[in-house]
Amino acid sequence: MLAHLIAGTKRMFGLHRPGRSLIILPDDVFLVSFPKSGNTWTRFLLANLIYPETPATFANIHQLIPDPSATTKKEFLRIPRPRIVKSHECFDPRYPRVIYIVRDPRDVALSQYHYHRKLKRIADDYSMGTFVTRFLAGETCPHGSWGQNVATWLITREEGDPRFLLLRYEDMVSDTPRELEKIAAFLRPSASPELIAQTVECSSADRMRKLEQAQSDDCSLTKDSRKDLSFVRSASAGGWRTGLPEAEVARLEDAWGHLMAHLGYELLSPEKAANFDSRFAEAMLHRSSR
């Protein structure tokens, strides 16, 4: 009874988090990715690009680039339009415009493994093989598997759709100003070279690590997590080459080699790239013929 009363009171005053019941506005832009694919870093980039007078921190990021699962309805109502909203969801036709960040699933699996350690969901000696099994099955987060999440967006929105911008995390790491200019052009704000450079500097991994250390208890991403492990880790690409056992790499490539090859990721076993899942291939063919 008390729990229902508290929930009702929160709703009355707009203090609840809307989650999937968020009312989507026609000029909303959604920043979407599978978890641990660079979404938080991109949120910092976007916040520092759009609100250069209010530098993004772990304490205010949910107010600048809101998350329906962490930002209250009352705070959502204060955010100027057009809003940029964080999401990890699979394809949702209600999203008016989407920036989708994709990352090599071998790095995603490794990053998610260490994030689960930080959140105290698994022990330090937890088997990587067991984790990859769960990762492949879509059991390590509530947004499906990497393959399911990515495929729903690629099949429905990728090529030639002005409402959709696909970016690879690896390209963002290798040339952040170039990829940020793509984002700015998609959003259509005025972004001078000076603002791009300032945004990249204010969103650097080193600065984010310092902010995390100072504000780890002020953000739901890091609150109540282990302080000896960082949320912002190496912020690099290709860590799987030394961090994932070869057997686990092979399992990920067996499952999603066709998707990885389509996205330009080099496989250790190139012959797997030709081993397309028939349903995905047919869906891509159907999309290109429309």
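In which hand does α5 pass α6? The question concerns a predicted model. The crossing of α5 past α6 is right-handed. Helix α5 spans residues 105-118 and helix α6 spans residues 128-136. Their axes come within 10 Å and cross at roughly 115°. Angles of 65 to 115 degrees count as roughly perpendicular, and α5 and α6 are therefore roughly perpendicular to each other. On the α5 side, the contact involves Pro 105, Val 108, Ala 109, Leu 110, Gln 112, Tyr 113 and His 116. These meet Met 128, Phe 131 and Phe 135 of α6.

Helix α6 also packs against helix α13, residues 246-262. Here the axes come within 10 Å and cross at roughly 10°. Angles under 35 degrees count as roughly parallel, so α6 and α13 are roughly parallel to each other. From α6, Met 128, Gly 129, Val 132, Thr 133, Phe 135 and Leu 136 take part. Their partners in α13 are Glu 248, Arg 251, Leu 252, Ala 255 and Trp 256. Phe 135 thus appears in the contact with α5 and in the contact with α13.

Phe 135 also belongs to the largest nonpolar core, which has 71 residues. It is among the residues with the most contacts inside that core, along with Val 98, Ile 99, Tyr 100, Trp 146, Ile 183 and Leu 187. Helix α2 (residues 39-50) gives the most to this core, with 6 residues. In soluble globular proteins, nonpolar side chains tend to be buried together.

Trp 146 links several of these elements through its contacts. It touches Pro 105 and Val 108, both in α5. It touches Phe 135, in α6. It also touches Trp 256, in α13. Its other contacts are Phe 34, Val 102, Arg 103, Leu 259, Met 260 and Leu 263, with residues up to four places away in sequence not counted.

Helix α10 (residues 193-202) has Leu 195, Ile 196 and Thr 199 as its buried residues. They lie on the same side of α10, because they cover an arc of only 100° around the axis. On the other side, Pro 193, Glu 194 and Glu 201 are exposed. The buried residues of α10 pack against α2 and α9 (176-187).

Arg 178 lies in helix α9. Arg 178 counts as partly exposed because its relative accessibility is 37%, between the limits of 20% and 50%. Arg 178 and Ile 196 are 18 residues apart along the chain, and their C-alpha atoms are separated by 9.1 Å.

Note on methods. Residues are numbered from 1 along each chain as its sequence is written. This is a predicted model: local features need pLDDT of at least 70, side-chain atom pairs count only at pLDDT 80 or more; totals for chains, interfaces and linings use all residues. Side-chain values use heavy atoms; hydrogens and water are left out. A nonpolar core is a set of buried Ala, Val, Leu, Ile, Met, Phe, Trp, Tyr and Cys residues joined through side-chain atoms within 4.5 Å. Buried means under 20% relative accessible area, exposed over 50%, partly exposed in between (1.4 Å probe, protein chains only). Helices (H or I, at least four residues) and strands (E, at least two) are DSSP runs, numbered from the N terminus. Contact means heavy atoms within 4.5 Å. The arc is that of the directions from the helix axis to the C-beta atoms. Axes are lines fitted to C-alpha atoms, for helices over the stretch in contact, and angles run from 0 to 180 degrees between N-to-C directions. Angles under 35 degrees count as roughly parallel, over 145 as roughly antiparallel, 65 to 115 as roughly perpendicular and the rest as oblique. A crossing is left-handed if the near helix is turned anticlockwise from the far one by less than a right angle, and right-handed if clockwise.
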